Amino acid sequence: MLIAVLLYVGICVLASILIKPFSILNFIGPAAALASALMIVWGTYIAISIVIGNIIFSILLAMYFDVKVDNIGIVIISLLAILLQGFWSKYITYQEVSKQKWLDSRVLASIFIIKIGPLAGLISAGAAVLVAILDVKQVSGGLFYVFVTTWSASILVAIFLTPAFLFTQGKQQLHFSKRIFVVVSSVLGCLAIGLLFKISQQQQLHQRADRFEHTYQQIQKNVDDEITKISQKITALSALFMASQQVSANEFKEFSARIFVNSSNIRALEWVPIVSVNNKTLYEANSSAELTMNYAITEQTVMGNTVLAKERLLYMPVQYIYPNNSNESAFGLDLYHHQEKRSAISLAVSKNAMVASSPLTLVQDDFANPGLLVFFPVSTKRMTSPYGFMTGKNNTRVTGFIVAVLQFKALFRKIEQYQESFNVKIFIQDTGSTGYLSLFGEEALQGDRLADDLDINVFERTWRLSITEQDAWALQGKSWQVWSMLLGGTVGGVLFQLLVLMMAAYSTELSHQVTLKTRELILAKERADQENQAKTDFLKALCLELRAPLNVIKRLAEIFPEKDLPTQARAYLTNISEASLNLEQLVDTVTELSSIESGERLLNEQSFDFYLFLNRMESMLKVNPKTQDQDIKLVMNANVPQFINTDELRLQQMFLALTENILEILSCKGVLISVKSHFHQQSNVTILFVITPLDIQASLIASQTSDIKVSELNVHNTRMTMVKDLCQLFGGDIKVSHLPAGDKMLSLSINVLLSANDSKHIDNDNESSRTHGKSLFSVKRILLVEDNLATSQSLCQQLLDLNYQVEVIDKKEEVIPYLDSHTYHMIIYDKYNVRNETYRVNKELKQNKKYREIPIIGVFEQKVEDDSSLLNKESLTAQLIKPIELSSLKLFLLKYFS
């Protein structure tokens, strides 16, 4: 609560100091905006702090700003408007702020700014108009400017303070850095807008002060000019008397007429001689004769009646007067009898200067038109016999006075015109010894107006000219520059803050969209995974169901000895075996595909001899029933690495599946498989298999080709689908290209790692391979011997599944040459026949020290009665009996390779 009080008092004082000229209206807009921000952030109970702050601010106005608010209604209306705007702002923004939703989107941010700014600010703006009417007590078109300025101040303070306060209370769906960005941007924007308004305000005040100063100088100049004209006329008339021994009435009339015609403020010109009591009778007689009238020295009573003058030492009667018309009652009037006139006369004599009497009512006028009598002493040295005299300055002998009767109607009319033209009020007072006497105008209202006082010396009397602006600054008409700056600054501030908040809202909106899209993608992925898993489970279940009858068919086909069957039955049995093998292969392929798509099968990367792999693939192509009759040649570039690191089993599956369908894909009778490599950084290698028809020239292959989409491969069987999936699993690509001659070319690439053996440049010599192969590779190499290669696929596949390298040959005579050129860790005879004299090859191996340690395993169709004698006779290390389970085979081999 204390913080709220300090903030409220601070914003009010700051507004009163910065907004010039000072007015009771200045703080209403900013204070109402601050109240709105405080109530939005901290709740409506903060209204107590606002009331306390308003009381403290009112005390500060009276003590330090010397501002007295006479109308208590102004204070009450201002406070009620401030509280009302705060409550209204809290009400219309409660939902957005309480749920921190006002920055969820750009639309919500814009609506929030409109609510706290233009919409809520209407309350304080309307209250400011009412306060202005009560303060200046008038209604004019300038009230619209009061409305707009208060509305603008409320809008700008609200839109800059409210978001900053909100960020101090909650995250508002923004990270700390973004909140800091918005707050700093708001502060900088507020300072920039405030600086623009301050510059505009100073310019307005300078223009206003210059305009007021110009009016002030014009009025002063006119008054001074008029006083100078009157002085010149009086001086000219006095020169007539100084230059003559005796001035007649006609001479006075003629001369006065010449100088009087252009004057508008001189009511009359008079000659007033000094007459002593001894010469009174003579003077009256001479004046009656000259003026052809019954002339007598008179005086005016307190009641305003004219009577004969009483006997005194000196008289100063009016002898000549111009014009005579309407001034006959002034002839013979003793001016020395009146106390105020006597003081002016004495001062004129002592200073030998023109001295005006205090404002008085002329004999021929009413009280509403006071006049002045200006006395100018005349020393007539040529006058031989004056009626009397007074001793003046420097012992001069004053014999009379030129008296000008002044009424400043023309001057005041001109001043009145200035009032209307320059929108000022002028109040003229005579500040004589008797106090202040109003001569023109009336005292103007103070407050929010420029005012100045000017003291003018008018014939030794002081006139005070009080010049005040007609209207308060808030109600004065404004130029288009003022309106442009006010409206432009307000709109610019709103747009700037709106842009900053919309950027923050867009960030929030984008985060929400990303979160929503992420959730949608997660759900879609989960649904896809569920669908894939369901498909995988279905395929696995289907494959399991199909394997049971397939195993039965295989076993039934195996128990029938081919030699005891007729030729036709033997053909049927061969067809059944081949069909079962094909179906088993299809089931294995579907199982493999489902495992790859479900993500269960990953690459089992290990280092192996890629050259041996290619040799084995070439041998397997020759014994594979689907490829043995096809013309497939395999060549390899010299830069292909020998040792690579990848999944050998998956690579073998992909290679065999591809070669089974290659002739159909390329629509040719024979193909050439070229193996190439491309080395990358960090031991990365791309192995490229380029497959082209045998009858295509090399020059044509090197020429430009046009690619076919991989989707064209979908026309082939499921084996090619598995090839595509495995190729993608290896991080490679497969595509078919059209050659210019109309033929097709297939290229398949895989990404592998270079094995450490190639990195160390291991010698590829066969002897070196035999020496170091065992210690460098954890994978054991087995030589599988089978007379009928078409029936060895089952055992070969099992060995491959156990991650052994298998080399298959179909002739027992080739065993020793293979051992001489390659390194093998075991020899297995599939379907060992004791009658084919295989024991002689085994005996030679046992007698050779180099191959004596290699285990020789025989695989029999059925158990032999005397195991030990048979093994010894055939030079076998151990025997296996079909059917062989994969787990049993694994345990058997571990005994020799552990």
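Start by selecting Asn423, the residue that follows helix α13 and has a positive phi, near 55°. Keep in mind as you go that this is a predicted model. Most residues other than glycine have a negative phi, and most peptide bonds are trans. The tour will call at several exceptions to that habit.

**Stop 1: helix α13**

From Asn423, step back into α13 itself, residues 409-422. How far apart should its ends be? At 1.5 Å a residue, its 14 residues should span 20 Å, and the end C-alpha atoms are indeed 20 Å apart, so expectation and model agree. Now colour the buried residues of α13: Ala410, Leu411, Phe412, Ile415, Tyr418 and Gln419.

**Stop 2: a cis peptide**

Next, select Tyr322 and Pro323. The peptide bond that joins Tyr322 and Pro323 is cis, with omega about 0°. Pro323 sits in the loop that runs between β6 (320-322) and α12 (339-351).

**Stop 3: around the end of α12**

Move on to Asn352. Here is another residue that is not a glycine and yet has a positive phi, about 50°. Asn352 belongs to the loop between α12 and β7 (355-356). Is Asn352 buried or partly exposed? With a relative accessible area of 40%, Asn352 is partly exposed.

Now pick Lys351 and look for its partner. Lys351 makes a salt bridge with Glu460, with the closest N and O atoms 3.2 Å apart. This pair ties together distant parts of the chain: Lys351 is in helix α12, Glu460 is in the loop between β14 and β15, and 109 residues separate them. Both ends of the bridge can be reached from outside to some degree: Lys351 is partly exposed at 40% relative accessible area, and Glu460 is partly exposed at 33%.

While you have that loop on screen, select Phe459. It is found in the loop between β14 and β15 (461-469), and its phi is positive, about 50°, although Phe459 is not a glycine. Buried or exposed? Phe459 counts as buried, because its relative accessibility is 6%.

**Stop 4: a negative patch**

Switch to a surface view and select Asp210, Glu213, Asp452 and Asp453, which form a negative surface patch. Which elements supply these residues? Helix α9 (176-243) and strand β14 (451-458) each contribute at least two residues of the patch. Zoom in on Asp452, which is placed in strand β14. Asp452 counts as partly exposed, because its relative accessibility is 32%.

**Stop 5: a nonpolar patch**

Stay with the surface and select Phe176, Ile180, Val184, Val187, Leu188 and Leu191. Together these form a nonpolar surface patch with about 580 Å² of accessible area. Take Ile180 as a member to inspect: its place is in helix α9, and at 39% relative accessibility Ile180 counts as partly exposed.

**Stop 6: salt bridges**

How many salt bridges are there? The count comes to ten. You have already met the bridge between Lys351 and Glu460, and here are some others to display.

- Select Glu96 and Lys115: they form a salt bridge, with the closest N and O atoms 2.7 Å apart. This pair also links distant parts of the chain, with Glu96 in helix α5 (residues 94-98) and Lys115 in helix α6 (residues 106-119), 19 residues apart. Glu96 and Lys115 are both buried.
- Select Lys517 and Glu520: their side chains meet in a salt bridge at 3.9 Å, N to O. Both lie in helix α14 (residues 480-559), three residues apart, which is about one turn of the helix. Lys517 is exposed, with a relative accessible area of 52%, whereas Glu520 is partly exposed at 38%.
- Select Glu299, Arg312 and Asp334 together: these are linked in a network of salt bridges.

**Last stop: a long-range pair**

Finish with Leu156, which has its place in helix α8 (residues 143-169). Leu156 counts as buried, because its relative accessibility is 11%. Add Pro30 to the selection and draw a distance between the two C-alpha atoms: Leu156 and Pro30 are 8.3 Å apart in space, though 126 residues apart in sequence.

Technical notes:
Residues are numbered from 1 along each chain as its sequence is written. This is a predicted model: local features need pLDDT of at least 70, side-chain atom pairs count only at pLDDT 80 or more; totals for chains, interfaces and linings use all residues. Side-chain values use heavy atoms; hydrogens and water are left out. Patches are made of residues with over 30% relative accessible area and no salt bridge: like charges are joined within 9 Å, nonpolar side chains (Val, Leu, Ile, Met, Phe, Trp, Tyr) within 5 Å. Accessible areas come from the Shrake-Rupley method with a 1.4 Å probe; for residues, only the protein chains shown count as cover. A salt bridge is a side-chain nitrogen of Lys or Arg within 4 Å of a carboxyl oxygen of Asp or Glu. Lys and Arg count as positive and Asp and Glu as negative; His and the chain ends are not counted. The place of a charge is taken as NZ of Lys, CZ of Arg, CG of Asp or CD of Glu. Helices (H or I, at least four residues) and strands (E, at least two) are DSSP runs, numbered from the N terminus. Buried means under 20% relative accessible area, exposed over 50%, partly exposed in between (1.4 Å probe, protein chains only). The expected span of a helix is 1.5 Å times one less than its number of residues.
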